[in-house]
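Subject: Handover of a structure

Dear colleague,

Please find below the structure that I am handing over to you. I would be grateful if you kept it open while reading the notes that come after it.

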Amino acid sequence: MTRAFAPATALIALSACSMVPADVRPALPVPSAFPTGAAYGEPGDAALPVLGYRDVFRDARLQSIVEQALVNNRDLRIAAANIETARAQFRAQRAEQLPLVNTNNTASFADAGTGRTNNGGAPVQGGQRTNLNVGLGVTQFEIDLFGRLAALTRADQARYFASDVGARATRLALIGDIAAAWLQYAADKSLLMIADETLANASASVRLTRARLDGGIAARTDVAQAETVLAMAQSDRAVQLTALAQDVNALQLLVGAPVDDALLPTAIAEAAASIGDAPAALETSILLRRPDVVQAEYQLRAANAEVGAARAALFPRLSLTTLAGLASNGLSQLFTTRAFNYTATPTVSYPLFAGGRNKAALAGARAQFDVAVASYERAIQIAFREVADALARRGTIDDQLGAQTRLVAATRDSFTLSEARYRGGVDSFLANLDAQRSLYQAQRSLTQTQLVAATNRVTLYRTLGGDALVDAARDGPVVASPTKP
């Protein structure tokens, strides 16, 4: 039976031609190095080491929350399902390049006495006739002479790889979002403590001014002014209680499960100290390893392969139908050499008139390739902007943090002195009130600055690719520039 499929084997061997344009990565649409200068601080290393999230997020509580999220987060489950979908699509398309072999076994009997037959033939006279057939057949198998099916397989393979890398991008974004939400809870916890402290000081001021009013040494306006600070602190405390509850809800959504209160931070200063600093890269070529950029590259590879498939569709298609088997009118003679027969029928098809359908499909594929190129370049530009912004914030945040710390110390001293002078009858309550408000605002500003500093380190870790850096050269150069056939 091997001889029966020899013509099919020879035609399959011819299907080595490819219409897919060569893959050539476009030049980076951004400067070759990240910005430097006063706002950016010292430049980083050209090569960025691969860091695990544990190297940057050093608090065991945050690490535990991240591990819980990697198991329960629904976005990651969706990404995993998308990978399986893309892989199944790739395998199904790859199977189109292989012949579908069917088996065909029949037996028919005709009786001369009744003139009846069970296989649609004419009545048989003179006795009983038996027909037995055992065979294999390949029907309308396309010989991929110009690589159309191979190009479609290549496109689905690139989409599968893109889904895989996209899951890594989702994982990286999830880790960054969890760290940011954890830090936001810490900041709101600190703001609640500041509100409580101010509330206690304001309550003491109200009691003092009322006592002084009752003693005839303070005006009623002093009581009213003290009560304004008290009301402000009470309002802010209610706001912070709401914010803390919402922060927990945000964390639980990211994690996909309830978060233990013991894993939550107690203050922003403590939480910020546990966030390490990711080293900054100097050369922008590191952006080519970011998961979202690599995903865009594989999508571009898929679009390039679609161009090749559309080009191959302009040429004739060759299909093959092959049947081979055994046929006999007796079971004893069915498996003999004389019972073997086969047929092989190649068919060439080419539309004489299709209204320009194939050329329009090629033009559409080229347009989609242009879209993919622009999307790829835009992904790199967005990545460059994100890293540059994070570096600019990183280069100045320490100065801002130091200034805010000194401001809190100065306003605290001012409030302490002003309160003592008020109690001694040297200053008016208005001066004491201004000092109290200044301290309150300075403490809140310091908390926000500490949050910005810690979140900036998270952002830098995420924008540089974190521990989800991907080798973009899995299959060599990734993108191409299609040319006309």
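The notes below go from the whole chain to single helices, residues and empty spaces.

Please bear in mind that this is a predicted model. The chain contains 10 helices and 5 strands. Of its 485 residues, 43% are buried. Its accessible surface amounts to about 24300 Å², and carbon and sulfur atoms account for 55% of that area. If one takes the contacts between residues at least 6 apart in sequence, 85% of them join residues at least 24 apart.

Two helices deserve a description. Helix α8 covers residues 291-312. At 1.5 Å a residue, its 22 residues should span 32 Å, and the C-alpha atoms at its ends are indeed 32 Å apart, so the two values agree. Is this helix enclosed or open? Because 18 of the 22 residues of α8 are buried, the helix is largely enclosed by the rest of the structure.

Helix α10 runs over residues 429-463. It has 35 residues and reaches 50 Å from its first C-alpha to its last, which is close to the 51 Å expected at 1.5 Å a residue. After α10 comes Gly 465, which has a positive phi, near 110°.

Thr 463 belongs to α10. Its relative accessible area is 5%, which is under the 20% limit, and therefore Thr 463 counts as buried. Apart from residues up to four places away in sequence, Thr 463 touches Arg 290, Glu 386, Val 387 and Ala 390.

Leu 287 lies in the loop between α7 (268-273) and α8. This residue is also buried, as its relative accessible area is 1%. Which residues does Leu 287 contact, leaving aside its neighbours within four places in sequence? They are Phe 34, Val 293, Ile 380, Ala 383, Phe 384 and Val 387. One of these contacts, Ala 383, is 96 residues away from Leu 287 in sequence, yet the two C-alpha atoms are 6.7 Å apart in space. Val 387 is touched by Thr 463 and is in contact with Leu 287.

Phe 315 sits in the loop between α8 and β4. With a relative accessible area of 29%, Phe 315 is partly exposed. Not counting residues up to four places away in sequence, it touches Met 19, Phe 146 and Tyr 350. Phe 315 and Tyr 350 are 35 residues apart along the chain, and 7.3 Å separates their C-alpha atoms.

I turn now to the empty spaces. Rolling a probe the size of a water molecule over the atoms shows where empty space is left. The structure has 4 cavities of 30 Å³ or more. The second largest cavity has a volume of about 60 Å³. Among the residues that line this cavity are Phe 146, Ala 312 and Phe 315. The elements giving two or more residues to its lining are β3 (129-143) and β4 (317-328). By class, the lining comprises 7 nonpolar and 4 charged residues, with no polar ones.

The second largest pocket holds about 160 Å³ of space. Its lining includes Leu 314, Tyr 350, Phe 353 and Lys 359. In this pocket the lining has 6 nonpolar, 3 polar and 2 charged residues. Tyr 350 thus appears twice in these notes: it is touched by Phe 315, and it lines the second largest pocket.

Yours sincerely,

A colleague

Terms used
Residues numbered from 1 in each chain as written. Predicted model: local features only at pLDDT ≥ 70, side-chain atom pairs only at ≥ 80, totals over all residues. Heavy atoms only, no water. Helix = DSSP H or I, 4+ residues; strand = E, 2+ residues; numbered from the N terminus. Expected span 1.5 Å × (residues − 1). Buried < 20%, exposed > 50% of the residue type's maximum accessible area, 1.4 Å probe, protein only. Contact = heavy atoms within 4.5 Å. 1 Å grid on protein atoms, 1.4 Å probe; cavity = no way out; pocket = protein on both sides within 12 Å on 5 of 7 lines; lining within 4 Å. Points joined across faces, edges and corners; volume = space filled by probe spheres on them. Nonpolar A, V, L, I, M, F, W, Y, C, P; charged D, E, K, R; others polar. Areas by Shrake-Rupley, 256 points an atom, 1.4 Å probe, with all protein chains shown as cover.
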